[in-house]
Amino acid sequence: MTRVAVFPGSFDPMTNAHLDVARRASGLFDRLIIGVLDNPKKAPLFTGAERVDLIGRCVADLGAHVSVEAFDGLTVEFARRHDAGFIVRGLRAVSDFEAELQMALTNRKLAPEVDTAFLMTALEYGYVSSSLTKEVARFGGDITAMVPAPVAAALADRIPVGPRV
Ligand code: PNS
């Protein structure tokens, strides 16, 4: 039996917490498709294509069974298109739990054949989020521990540095 999972998210941008989850999920599933939600209404810092490219470079060493693509619409439909039985999500602190539970239950209602598998974020990345990383980068703080090297370089290119904090 082939175990296929999708790992959906905004990934604006991918952080070390995301990468840690992707790495561990890549060891659990026969195929892992990282899905980048491409919703222009969210006004992301990086376009969908840019995020797909960045993530592709970050996960290049995880193996040919890991791929990245943009999607729009429902995550469960994205999962169905790939015959995926699982949606992977990372869980950081307790604060993530309520929203994640609500999403998992909604997704199960929409697609009972697709289950959500949660992976606890590694302790050292428990504080890392895409939005705080962008904020730190905006004020010239050091983000090298928070994001993979290609993302740090892309952030440095994209964000004009403000006053140092
Ligand atoms: O990285 P994020 O922003 O926490 O990811 C959230 C994401 C993309 C997984 C969620 O917003 C989502 O699944 N969006 C697609 C639309 C959808 O399926 N909505 C119903 C989910 S309950």
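These exercises walk through a ligand site, a pocket and a loop in a predicted model.

**Exercise 1. The shell**

Task: List the residues around the ligand, then sort them by class.

Solution:
- Step 1. Collect the neighbours. A residue counts if one of its heavy atoms lies within 4 Å of the ligand. This gives Gly9, Ser10, Leu37, Lys42, Gly73, Leu74, Thr75, Arg89, Met103, Thr106 and Asn107.
- Step 2. Sort them. Three are nonpolar, six are polar and two are charged. Gly goes with the polar class.
- Step 3. Find the main contributor. Helix H4, residues 94–110, supplies three residues, the largest share of the shell.

**Exercise 2. Polar contacts**

Task: How far are polar side-chain atoms of Ser10, Thr75 and Arg89 from an oxygen atom of the ligand?

Solution:
- Step 1. Set the limit. A polar contact needs a pair of N or O atoms within 3.5 Å.
- Step 2. Take Ser10. An N or O atom in its side chain is 2.6 Å from a ligand oxygen.
- Step 3. Take Thr75. Its side chain also has an N or O atom 2.6 Å from an oxygen atom of the ligand.
- Step 4. Take Arg89. Here a polar side-chain atom lies 2.9 Å from a ligand oxygen.
- Step 5. Add the cover. On its own, the ligand has 540 Å² of accessible area, and the protein covers 73% of that.

**Exercise 3. The pocket**

Task: Describe the largest pocket and its lining.

Solution:
- Step 1. Place the ligand. The space it takes is the largest pocket.
- Step 2. Give the volume, which is about 1000 Å³.
- Step 3. Look at the lining. It has 41 residues, and Pro8, Gly9, Ser10, Arg89 and Met103 lie nearest the centre.
- Step 4. Name the elements. Those giving two or more residues are strand S1 (4–9), helix H1 (16–26), strand S4 (86–91), H4 and helix H5 (130–138). H4 gives the most, nine residues.
- Step 5. Sort by class. The lining has 17 nonpolar, 16 polar and eight charged residues.

**Exercise 4. The backbone of a loop**

Task: Why do Phe11 and the bond from Asp12 to Pro13 stand out?

Solution:
- Step 1. Recall the usual case. Most residues other than glycine have a negative phi, and most peptide bonds are trans.
- Step 2. Check Phe11. Its phi is near 50 degrees, a positive value in a residue other than glycine.
- Step 3. Check the bond from Asp12 to Pro13. This peptide bond is cis, with omega near 5 degrees.
- Step 4. Locate both residues. Phe11 lies in the loop between S1 and H1. Pro13 is in the loop between S1 and H1 too.

Note on methods
Residues numbered from 1 in each chain as written. Predicted model: local features only at pLDDT ≥ 70, side-chain atom pairs only at ≥ 80, totals over all residues. Heavy atoms only, no water. Polar contact = N/O pair within 3.5 Å; in protein donor to acceptor, adjacent residues only side chain to side chain. Areas by Shrake-Rupley, 256 points an atom, 1.4 Å probe, with all protein chains shown as cover. 1 Å grid on protein atoms, 1.4 Å probe; cavity = no way out; pocket = protein on both sides within 12 Å on 5 of 7 lines; lining within 4 Å. Sits in = over half its atoms within 2 Å of the grid points. Helix = DSSP H or I, 4+ residues; strand = E, 2+ residues; numbered from the N terminus. Points joined across faces, edges and corners; volume = space filled by probe spheres on them.
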